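Visitor: I have a structure in front of me and would like to learn how to read it. Could you take me through some features one at a time?

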Amino acid sequence: MQSRTSKRANAVTGTIPSAHPYMANSVPGIKEQMLKAIGARSIEDLFEQIPRDHRLRRPLDLPEAIRSESALRRHLLDTIRKNGSCEENLSFLGGGCWQHYVPAICDEIAQRSEFLTPVWGTPSSDHGRNQAWFEFSSQIGELVGMDFVGLPVYSWGCAAGHAIRMASRITGRREVLIPRSIDPERLAVIRNYCEPSEMASHIVIALVDFDPRTGRIDLADLKSKISLRTAAVSIDSPNYLGIIESEAADVAAIARKNGAETIIGVDPISLGVLAAPADYGADIVVGTTQPLGIHMNCGGGAGGFIATRDDEKYAREYPTLLISITDTVKSGEYGFGLSLAHQTSYGLREKGKDWTGNSVYLWAIANAVYMALMGPEGFREIGEAIIQRSHYAAALLARIPGMRVLFPSGFFKEFVVNFDGTGKPVSAINAALRAQKIFGGGTLSKHFPALGESALYCVTEIHTKDDVERLADALRRAVR
Amino acid sequence: MADDTKLRRYHAAVWDEPIIMTMGHPGRRGLVFAEAEPEIKRTLGTDAQSLIPAAMRRKTPPALPEMSEHEVLRHYLHLSQETLGMLGINLFGTCTMKYNPRVNEAVTMRPEVAELHPHQDEDTLQGVLEIIHRFDLILRELSGMDQFVFQAAGGADAAYTHACLTRAYHAAKGELAQRNEIITTIQTHPCNPATAATAGFNVVTLMLEENGYPSLDALKAAVSTRTAALMINNPDDMGIYNPEIKEWVRIVHEAGGLCFYDHANFNGVMGKLRARELGFDACMFMLHKTFGAPKGGGGPAVGAYGCSAALAKFLPSPVVTFDGSLYHLDDDRPQSLGKVREFWGNVPQVIKAYAWARAMGADGINEASDISVLANNYMEKKLLAIRGVSKSNPQVKKWRMEMTRYSLGTMKEETGIGVLDVQNRMVDFGVDAFWLSHEPWIVPEPFTPEAGELWSKEDIDYWIAVLERISQEAYANPEIVRTAPHNQAIHKLKTDALEDPRRWAMTWRAFKKKTAKARR
C-alpha cells in the first residue's frame, strides 16, 4: 500500500520504514486501514482544524533518535556515570533530603506495573491501590497520633503551605509565626503559598527568633509576637538545625491561648522515639515522607503529608485527596472511595480548597510498605540508632581542635558544626573532604550568617562507627 | 463493526486481603537495624532514651503492624494484583496513556541517580545536570520557549508556577495590586483557575460558544487593566482547536497580560505547532503524560515549565545552565519567584522523559501525534455507531484532534444507564474505565477516551467492542450494568459513608473508633 514511500517517510501516512517499539500502529499498513475506515485521504487532512499559519513549517530539529534500547541504555549510563553518588562517596548531607536505608521490598513494590503505570480506574479495579493508600494514611496516623490523614502532597514545604492556608481559613486570620530556624528551602516554598503583600489574601509571615544557645524557639519572642491576628504558629521538630523542640507543648499552649492553630512539622522516622505531635498539642501535623522508603533521587524523593483530628473544622479545609474505607454492596466486604472530593479543585475549580493534582502517590505505597516492615520496634530501633550514631559523631567532631558543635544536646539526626576556630571556611573544609571521597555537611553561612562558618551534618542509621571515624580523621587533617 | 472481536472471559484477582493494621503477630519483625557498636555506647556513656529531652520521649509505641518481611511483601503483591492498573487497555482521556519504557526505570533506579543528594557539589552532579540541560533544549525546540525548569511536581504545580511567575512579573512593573485577574476558559483544566485563585488572583472564566470555544468578543469584554494573565489549553478535551488563538494572545498582550499555554493536550500537536510562535509567553508539558514517564497512579510527576527569555529571570530557582564545558545550578537570581517545591524537581522523571524523547526522535514524535489524531478519528467513527453514544458539539464538522468528548445522555434517558454504571461494567472485561470529564460537565453523561499512539488498532477495536457490548446490555438487560462490576476484586462500592462525618474514616484508627461507637 505504500506506493509513495519516500526516502524518509510515506507522504500519506508519515510512516517511516521500521515500526517503533513504543507505537503499535507505526507498522506499515495499519494507518492506511484506519484512514480508509474513516474515509480520509491523508493524515495531514486530519489536522484541518489548525490554521496553516499556526503550523510549524519545518521538521523538528532534535538530536538523532536512539531506537535501539541497548544503545539508549549505554548513552544514559555513560551520562549518569559522570555523577558521584552518596553510595560511592560517604555523605553527611541532610537538610530536607536524607540518606536512609531503602528496603529492597519498597523498590520491588513501587516497580510493580500495576502501581507504576496507571492513573485512575474505578473503586473496584483500583481496589488494591486504594487499600495501599488507606494503609499509608492509617500508618501515618499511628505515628503522629491523628485520626484524619490526607493523601500526600509534593513535599514538606507544600504540606506546610497548605496547612498554613487551612489555619488561615479556619481562624479567619492572616498571619503565621515561624521560627527563624526553619529550613530556608521550605520557607521559600511557604512564602509563595502565603502570597505577596500586594495580594488581597496575603498571609503575613512573622519570623520568631531561636535561642542561640539551644537552637530551640525563643518562647519570649513568640509571646511578644503572637496576637489575636495570628492564624497559626508553625514549628518543626526536629527543626532544620536538628534540634528537638522540647518546649513544643508550651508553644501549643501559647497558640491556643491566642486562638491560633498549632502546626507541627515532623520527620516521621523519628516517631518511634519522639512523642507523637498530637500528644503535645498539635492541631495540624505536617512532614516529609521521603525518609520512609524513598530514595533521595537528587531531591526528587520529596513528599509531604497533612494530618489532623477527625473534626469537620479541619476535614472540610483539606485540599488533598482523601481516601476512606467503606462498604460494598456485598455484605461484609469493604472497599475504599474518595471522600470530600467535591471540595477539591477537581470539584470546585477556583472555589476549591487551594488545589490538587498529581502528587507522589506511588511513593505513598512505598511509604506504606516501609512503615509495615518497620512496625513499632523497627521505628524504636532506627530512632535509637540514629540518635546514638549522630551524638557519637557530634562528640567525636567536637574534640577536633578549632571545631565546635553549636547545640550539643537535644538533637535528633542533624547537628551544627562550627569551624570558626579553624580559620577556614566550610567550602575549604568540604573541598578537603571531597578529596577523601566524603561529602561534608551543607554550609549554613548563606542563610544563617550569625552561626559563622558552620555546616549541618546529618548522621543516620546507615553510618557506622567506622564511617564516623573516617569523617573525623579526614576533618582532623582538613582543619590543620 | 466490531462483531468479529471476541471479548475475553476475564476475572480480576480476588485476595480478600485484610487491612494491614489487622495483620501480624506481636514481636514479629520485617526489618531490623544494627545496634550501635559498643564503642559508640561507651563514648556516649548513656542510653539512647536519655539523649532525648524527657518531655519529648514517646511513651506509647505506634500501633503499627508487626509482620515478617515476607508477609509484608506478599500483602502488597496481593494488593498490586487487586489493581487492574493498565494491564488491559486503558484509553484514559486527558492523561495520554503511554508505554513507560522499563529500561528507563532500570537506569534511574541505579545509585548514580537514586542516591544523589541535591546539595552535592555541582561537579558531582554533571551527569544529571547534562541530561536536564539537554532535555531543556529538546523542550525549547518543541515549544520555541527559551528556558525550562522542572521544579513543579505535576501539571497543576506548573500552572501554579505560572500564577507565581505572573505575580513576580507584574510586581516588578509595580502593577501587581492592580492586575488581580486571570482569565481562563471553562474547558481549561481546573488546576488553572484553582492555582490562579490560590496565588491570590480573581478568576474570570469564559464559556464556550457555538464553535466549541469562547468568542473573541467575550475575551475582549473580559480583558482590562486588571488582566494579569490568560491560562488556556488548546486543543481542549473535546478535540476542538481554537483557530483564533493567535488573536487571543494578541488581545491579552495588548491589555498587558501574560499568556500561558497549558499543553495538557500536546500529544495531538507535537511537532505541528510551537507555543512561542503562536505568541505565548510560557507553556507547560507534563512529562508523566506526553513524554513517557510513568504516572505512578498520580505521581511522582513533573510539570516542565518553560518561558520566553524576557520572563526567564522570574523562573523558580535554581536554573540549570551550561557554560560550554560545565553545567551549573544557578541560584543567584534576585528576581526569581523563589520556589514552588523544595530542590529542583523529580529528577528521575526528567531522565525518563529525556530517554523517551531520544528513543522517539523528531520523526517518532511527529509520527506519534499523527497516530494519536488518526486513532481518535478512527475510534470516533466506530463509537458513534454504537447505540446511545453521541459526541459533544456535533455542529463542529471537522476532524477532531487526539480526543473527542462523547455523551451517553441518550442512553441514560432511554435505559437509565449512565457513565458511572458503564465505568463499573467496563472493568468486568479487563479494560480500564474511561475518563468522564473535568467539572463542570458541559455535556450530560460525558466520557473522553484518548487512543494515543501506544495502543494497537486491535486494542482499540477491542475497547470499542466492550463499549458496544455494554450498550447492548444497557438496552436489553440494564440490570447487569447497574449492578456491575461482577468480575472484579470487590463489588460495587456503597458511597453514602464517604460524605458522612459520623462514618467516613481516612485511617484505621478512625474506623475502629467509629465502628465501636456505632455498636454501642
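**Reading charged pairs, cysteines and an interface**

Guide: Let us start in chain B, where the side chains of Glu479(B) and Arg482(B) meet in a salt bridge, with 2.8 Å from N to O. Please keep in mind throughout that this is a predicted model.

Visitor: What is the general idea behind such a pair?

Guide: Side chains of opposite charge can pair when their charged atoms come close. In this case Glu479(B) and Arg482(B) both belong to helix α14 (residues 478-482) of chain B, and because they are 3 residues apart there, about one helical turn separates them. Glu479(B) is partly exposed, at 42% relative accessibility, and Arg482(B) is also partly exposed, with a relative accessible area of 31%.

Visitor: Which parts of chain A does the pair Arg169(A) and Glu317(A) tie together?

Guide: First the pair itself: Arg169(A) and Glu317(A) form a salt bridge whose closest N and O atoms are 2.5 Å apart. Arg169(A) sits in helix α7 (residues 156-171) of chain A, while Glu317(A) sits in the loop between α11 (312-315) and β9 (323-327), so the salt bridge ties together parts that are 148 residues apart in sequence. Arg169(A) counts as partly exposed, at 30% relative accessibility, whereas Glu317(A) is buried, with a relative accessible area of 13%. The two also belong to a network of salt bridges that links Arg165(A), Arg169(A), Glu195(A), Glu317(A), Lys353(A) and Asp354(A).

Visitor: Are the partners Asp126(A) and Arg129(A) buried or exposed?

Guide: Asp126(A) and Arg129(A) are both buried, and the closest N and O atoms of their salt bridge are 2.8 Å apart. Over all chains, a search of the whole structure finds 65 salt bridges.

Visitor: How many disulfides are there over all chains?

Guide: The count is 0 over all chains, and the reasoning rests on distance, since a disulfide needs two cysteine sulfur atoms within 2.5 Å. For Cys86(A), the closest cysteine sulfur is that of Cys97(A), 8.1 Å away, which is too far for a bond. For Cys458(A), the closest cysteine sulfur is again in Cys97(A), at 9.4 Å, and that is too far as well. Cys86(A) is buried, with a relative accessible area of 4%, and Cys458(A) is buried too, with 1%.

Visitor: How should I read the place where chain B and chain A touch?

Guide: One can begin by counting residues and then turn to area: 210 residues of chain B are in contact with 207 residues of chain A, and the two chains bury about 18600 Å² between them, 63% of it on carbon and sulfur atoms. Met56(B), Trp399(B) and Met506(B) supply 5% of the area that chain B buries against chain A, more than any other three residues.

Visitor: How many salt bridges are counted between chain B and chain A?

Guide: The count between them is 13, and one of these joins the side chains of Glu185(A) and Lys339(B), at 3.4 Å from N to O. Polar contacts can be counted as well, and across this interface there are 105 residue pairs in polar contact. On the side of chain B that touches chain A, helix α10 (residues 347-383) of chain B gives the largest share, 24 residues. The residues of that side divide into 113 nonpolar, 47 polar and 50 charged.

Visitor: Where does Asn393(B) lie?

Guide: Asn393(B) lies in the loop between β10 (390-391) and β11 (406-407) of chain B, and at 15% relative accessibility Asn393(B) counts as buried. The side chains of Asn393(B) and Ser392(B) are joined by a polar contact of 3.5 Å.

Definitions and conventions: Residues numbered from 1 in each chain as written. Chains lettered and ligands numbered in written order. Predicted model: local features only at pLDDT ≥ 70, side-chain atom pairs only at ≥ 80, totals over all residues. Heavy atoms only, no water. Buried < 20%, exposed > 50% of the residue type's maximum accessible area, 1.4 Å probe, protein only. Contact = heavy atoms within 4.5 Å. Buried area = accessible area lost by both parts, 1.4 Å probe. Salt bridge = Lys/Arg side-chain N within 4 Å of Asp/Glu carboxyl O. Polar contact = N/O pair within 3.5 Å; in protein donor to acceptor, adjacent residues only side chain to side chain. Helix = DSSP H or I, 4+ residues; strand = E, 2+ residues; numbered from the N terminus. Nonpolar A, V, L, I, M, F, W, Y, C, P; charged D, E, K, R; others polar.
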